[in-house]
Amino acid sequence: MGGIPLSGDLGKRARDILAGRVEPVPARDAATVVLLREGVEVYLLRRKASMASAAGAYVFPGGSVDPRDTDHAIAWAGPSPAEWGAVFRADERTARGLVCAAVRETFEESGVLLAGASPESVVADTTGDGWEADRLALIDRSLSFADFLDGRGLVLRSDLLRPWTHWITPEVEHRRFDTRFFVAALPPGQRTRDVGGEADQVAWVRPADAIDRARNGQIFLMPPTYRTLGELRDYPTVADVLGVEREIATFMPEIAEVDGEMSIVLDDDYRPGSA
């Protein structure tokens with residue numbers, strides 16, 4: 001059985017939670033998007049060392065649901081929030097927020113926008129000063145996603161997303177997320193760019209190569225990222241990934257005492273590399 005040792009304050013907190021002396025913090029709804037391009041390659045960002053969570057880790061674009069992501073005014077094309085809720089076992093309001101957060105966070109963290117002027121089109125280019133101003137306004141929350149789409153006459157394309165998996169942060173963590181993972185193809189004509197913010201490096205990489213680098217200690221991958229890359233590495237094309245019918249499983253690594261030491265318990269196919 002693999003695991004991540006918990007030392008110091010986290011180890012004490014783990015013991016207190018298991019003993020019922022401390023209540024875990026609630027997990028916040030969040031969305032993550034595995035952005036794919038032919039190869040098959042995935043888009044990864046390295047979180048800055050100063051970040052409060054997952055510092056130094058290579059991750060997919062994503063983040064917490066903004067309460068405004070559940071706004072019914074958001075123009076929508078593709079599977080409905082009710083349909084997404086059925087897939088992720090969530091109520092309709094939560095599902096609406098998750099899909100909107102997935103599209104919004106992908107744009108904020110990569111410059112890629114899964115939206116179009118009509119239900120059959122997708123934006124071809126998101127570069128330029130105007131797009132950048134909107135992206136920054138979304139990040140600082142001075143602009144809502146609904147107003148952003150409305151101002152540009154755009155429709156969110158939920159049909160460009162596919163569900164992949166569901167991870168919940170272990171109970172010992174002070175910052176916890178209830179995260180649904182999506183996959184999506186890089187739209188024709190669009191390109192990712194180094195947009196800064198929470199990341200200090202970005203890269204397109206084949207899943208197998210990312211796993212090898214983690215095993216060799218060249219990069220650090222959190223367990224959900226590592227597991228997802230392992231699931232993707234054998235698909236020959238992006239279409240194959242998008243065409244798979246997934247039964248959405250929920251993972252929440254547990255805390256346990258292993259050989260006298262508190263640990264986050266993981267499957268034994270994961271060995272964390274170092275940054």
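**Figure 1. Helix H3 in the predicted model, viewed along its length and at its two ends**. Helix H3 comprises the 19 residues 92-110 and, at 1.5 Å a residue, should span 27 Å; the C-alpha atoms at its ends lie 27 Å apart, so the expected and computed spans agree. Of the 19 residues in H3, 17 are buried, and the helix is therefore described as mostly covered, buried meaning under 20% relative accessible area. At the start of the helix, Asp-91 places a side-chain oxygen within 3.1 Å of the backbone nitrogen of Arg-93. Just after H3 comes Gly-111, for which phi is positive, at about 85°.

**Figure 2. The largest cavity and its lining residues**. The structure contains one cavity of 30 Å³ or more. The space within the largest cavity amounts to about 30 Å³. Its lining is formed by Asp-66, Arg-68, Asp-69, Arg-104, Leu-138, Arg-141, Leu-143, Ser-144 and Phe-145. Sorted by class, five of these lining residues are charged, three are nonpolar and one is polar. Rolling a probe the size of a water molecule over the atoms shows where empty space is left.

**Figure 3. Arg-141 in the loop between helices H4 and H5**. The loop shown connects helix H4 (129-139) with helix H5 (145-152), and Arg-141 lies within it. The phi angle of Arg-141 is near 65°, a positive value in a residue other than glycine. With a relative accessible area of 31%, Arg-141 is partly exposed. Arg-141 is also one of the residues that line the largest cavity.

**Figure 4. The hairpin formed by strands E14 and E15**. Strand E14 (residues 254-258) and strand E15 (residues 261-266) run antiparallel and are joined by five bridges. Among the paired residues, Glu-257 has Met-262 of E15 as its bridge partner. Two residues separate the strands of the hairpin. Asp-259 is located in the loop between E14 and E15, and its phi is positive, about 55°, although the residue is not a glycine. Asp-259 is exposed, as its relative accessible area is 81%.

**Figure 5. The open three-stranded sheet E6-E8-E7**. The three strands of this open sheet follow the order E6-E8-E7, and their pairing is mixed. Strand E6 (76-77) and strand E7 (115-116) are the edge strands, each of which pairs on one side only. E6 pairs with strand E8 (residues 155-157) in the parallel sense, over two bridges. Within this pairing, Ala-77 stands opposite Arg-157 of E8. In a regular strand the side chains alternate between the two faces of the sheet.

**Figure 6. The cis peptide bond between Gly-39 and Val-40**. The peptide bond leading from Gly-39 to Val-40 is cis, and its omega is near -15°. Val-40 is found in the loop that lies between strand E2 (28-37) and strand E3 (41-47).

**Figure 7. Val-202 in strand E11, shown together with Ala-75**. Val-202 belongs to strand E11, which covers residues 199-205. The relative accessible area of Val-202 is 30%, and the residue is thus partly exposed. Val-202 and Ala-75 are separated by 127 residues in sequence, and the C-alpha to C-alpha distance between them is 30 Å.

Key. Residues are numbered from 1 along each chain as its sequence is written. This is a predicted model: local features need pLDDT of at least 70, side-chain atom pairs count only at pLDDT 80 or more; totals for chains, interfaces and linings use all residues. Side-chain values use heavy atoms; hydrogens and water are left out. On a 1 Å grid over the protein atoms alone, a cavity is a set of points where a 1.4 Å probe fits but cannot get out, and a pocket is an open set with protein on both sides within 12 Å along at least five of seven lines; lining residues have an atom within 4 Å of a point. Grid points are joined across faces, edges and corners, and a volume is the space filled by probe spheres set on the points. Ala, Val, Leu, Ile, Met, Phe, Trp, Tyr, Cys and Pro count as nonpolar, Asp, Glu, Lys and Arg as charged, and the others, Gly among them, as polar. Helices (H or I, at least four residues) and strands (E, at least two) are DSSP runs, numbered from the N terminus. The expected span of a helix is 1.5 Å times one less than its number of residues. Buried means under 20% relative accessible area, exposed over 50%, partly exposed in between (1.4 Å probe, protein chains only). A polar contact is a pair of N or O atoms within 3.5 Å; within protein, one must be able to donate a hydrogen and the other to accept it, and residues adjacent in sequence count only if both atoms are side-chain atoms. Two strands pair if DSSP finds at least two bridges between them.
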